[in-house]
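The following exercises introduce a structure to a reader who has not met it before. Each task is followed by a solution in steps.

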Amino acid sequence: MRLFIDIGNTRTKWLLMDGDLPVRRGAIDNSQVDQIDLGCGKAVSRAWASCVAQEEIFQRLASIVEADCGVRLNRAAVESSVNHMVNAYLALDRLGVDRWLAALGARDLIAAGDLVVIDAGTAVTVDLVSAKHCFEGGVILPGARMMHDALVGRTVGIISERSEVDSVVGRTTQECVNAGALYGLAGAIERIVLEMQKRLLHTDKLSVLLCGGDAERLAAVLPDHYRVELDLVFYGLQVIDRAKS
Ligand SMILES: Nc1ncnc2c1ncn2[C@@H]1O[C@H](COP(=O)(O)OP(=O)(O)O)[C@@H](O)[C@H]1O
Ligand SMILES: CC(C)(COP(=O)(O)O)[C@@H](O)C(=O)NCCC(=O)O
Ligand SMILES: [K+]
């Protein structure tokens with residue numbers, strides 16, 4: 001079995017694979033990572049992690065994996081190319097590895113055409129993977145929680161908790177702030193995708209994939225062709241695992 005771990009700025013997600021079958025998964029807040037129960041024992045032959053959070057969290061998980069599964073936790077890194085995919089980011093050492101992995105995973109899932117890969121987590125990233133198999137780059141936005149908390153934190157009059165959104169016409173402060181974050185992000189994403197489309201030659205073949213903790217909420221208010229694929233970072237880790245072993 002193989003273990004894949006995705007350490008974001010808010011949460012750590014993990015997936016246990018038996019061959020090509022997902023057998024167990026979970027998610028835990030980064031502050032609780034010491035209590036993680038991977039539940040996989042010594043059956044794990046290889047383990048891979050993506051980490052964009054503090055080094056300390058990766059090191060804690062590496063110790064847990066070593067103790068529970070008896071294997072080293074390999075750490076995926078951004079590279080200038082993997083298989084047929086090349087990376088056009090100017091500062092490779094600054095690119096978040098989760099963006100590179102989600103792009104690799106998306107390319108593995110959809111072999112042809114241009115791709116937009118959206119990861120809606122703590123931050124929201126919208127990245128373009130061109131039909132010529134190049135990670136072209138994209139944009140970084142604050143995520144929904146960050147938008148909400150920034151408004152609460154920097155005003156006197158906005159008192160609100162995170163909540164689900166029923167309508168774009170909010171009638172309480174909380175409804176207004178939560179609707180602003182959701183529809184604001186959805187609108188920004190649609191505009192960014194349109195701008196990216198203008199750069200492409202064959203816009204008819206554009207696929208748009210969404211992952212991250214807010215993917216489903218956003219997909220509910222985005223056009224139908226925006227497809228939710230929550231495991232893109234895990235797919236990317238699997239691409240790396242195949243390429244490196
Ligand atoms: N159980 C949850 N705990 C925390 N955030 C969640 C949860 N479910 C959905 N979310 C939303 O998902 C976002 C975090 O997504 P996630 O992809 O886990 O982040 P990251 O990969 O950056 O750690 C938050 O902005 C929040 O709005
Ligand atoms: C943009 C991110 C903060 C997203 O992290 P996440 O929301 O998944 O926790 C992460 O990919 C990152 O730290 N990137 C470094 C900056 C860059 O990609 O250029
Ligand atoms: K993200």
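Domain bounds, as used below, come from an automatic or database domain assignment. The model is predicted.

**Exercise 1. State which domains the assignment gives for the chain, and describe how they meet.**

Step 1. The assignment lists domain 1 (2–75) and domain 2 (81–144 + 176–238).

Step 2. Taken over C-alpha atoms, the centres of domain 1 and domain 2 are separated by 24 Å.

Step 3. Contact between the domains involves 11 residues of domain 1 and 12 residues of domain 2. On the side of domain 1 that touches domain 2, strand S1 (2–7), strand S2 (11–18) and strand S4 (46–51) each supply at least two residues. S4 gives the most to this side, with three residues.

Step 4. By class, this side of domain 1 has five nonpolar, four polar and two charged residues.

**Exercise 2. Determine the order of the strands in the open sheet of seven strands, and explain which strands stand at its edges.**

Step 1. The order in this open sheet is S6-S7-S10-S9-S8-S11-S12, and the pairing is mixed.

Step 2. Strand S6 (81–82) and strand S12 (226–228) each have a single partner strand, so one side of each is left without a neighbour in the sheet.

Step 3. Strand S11 (residues 207–211) and S12 run parallel and are joined by three bridges. Leu209 stands opposite Arg227 in S12.

**Exercise 3. Identify the residues around ligand 1 and sort them by class and by domain.**

Step 1. The surroundings of ligand 1 consist of Gly8, Asn9, Thr10, Arg11, Gly121, Thr122, Gly143, Ala144, Arg145, Gly212, Gly213 and Asp214.

Step 2. Sorted by class, the shell around ligand 1 holds one nonpolar, eight polar and three charged residues.

Step 3. Domain 1 (2–75) and domain 2 (81–144 + 176–238) each contribute at least three residues to the shell around ligand 1.

**Exercise 4. Explain where ligand 2 lies with respect to the domains.**

Step 1. Ligand 2 is surrounded by 14 residues, of which the closest are Gly8, Asn9, Gly96, Gly121 and Thr122. H2 and strand S9 (123–130) are the elements that give two or more residues to this shell.

Step 2. The shell around ligand 2 comprises four nonpolar, six polar and four charged residues.

Step 3. Both domain 1 (2–75) and domain 2 (81–144 + 176–238) give residues to the shell around ligand 2, so ligand 2 lies between them.

**Exercise 5. Examine the positions annotated as "binding site", and decide whether Arg99 and Thr173 are buried or partly exposed.**

Step 1. In the unreviewed UniProt entry, the annotation "binding site" covers Gly96, Val97, Asp98, Arg99 and Thr173. These positions span 78 residues in sequence, and their farthest two C-alpha atoms are 36.4 Å apart, so they do not all gather at one spot.

Step 2. Arg99 is found in helix H2 (residues 97–109). Arg99 counts as buried because it has 25 C-beta neighbours inside 10 Å, and a residue is buried if that number is 20 or more. Leaving aside neighbours within four places in sequence, the contacts of Arg99 are Asp119, Thr125 and Asp127.

Step 3. Thr173 belongs to helix H4 (residues 173–198). With 15 C-beta neighbours inside 10 Å, Thr173 counts as partly exposed. Its contacts, leaving aside neighbours within four places in sequence, are Ile158, Ile159 and Ser160.

Key:
Residues are numbered from 1 along each chain as its sequence is written. Chains are lettered from A and ligands numbered from 1 in the order in which they are written. This is a predicted model: local features need pLDDT of at least 70, side-chain atom pairs count only at pLDDT 80 or more; totals for chains, interfaces and linings use all residues. A residue is near a molecule or strand if its C-beta atom, placed from the backbone, lies within 6 Å of it. Ala, Val, Leu, Ile, Met, Phe, Trp, Tyr, Cys and Pro count as nonpolar, Asp, Glu, Lys and Arg as charged, and the others, Gly among them, as polar. UniProt positions are given in the numbering used here, feature names are shortened, and annotations may be inferred rather than shown by experiment. Helices (H or I, at least four residues) and strands (E, at least two) are DSSP runs, numbered from the N terminus. A residue is buried if 20 or more other C-beta atoms lie within 10 Å of its own, exposed if 12 or fewer, and partly exposed in between; C-beta atoms are placed from the backbone. Two residues are in contact if their C-beta atoms, placed from the backbone, lie within 7 Å. Two strands pair if DSSP finds at least two bridges between them.
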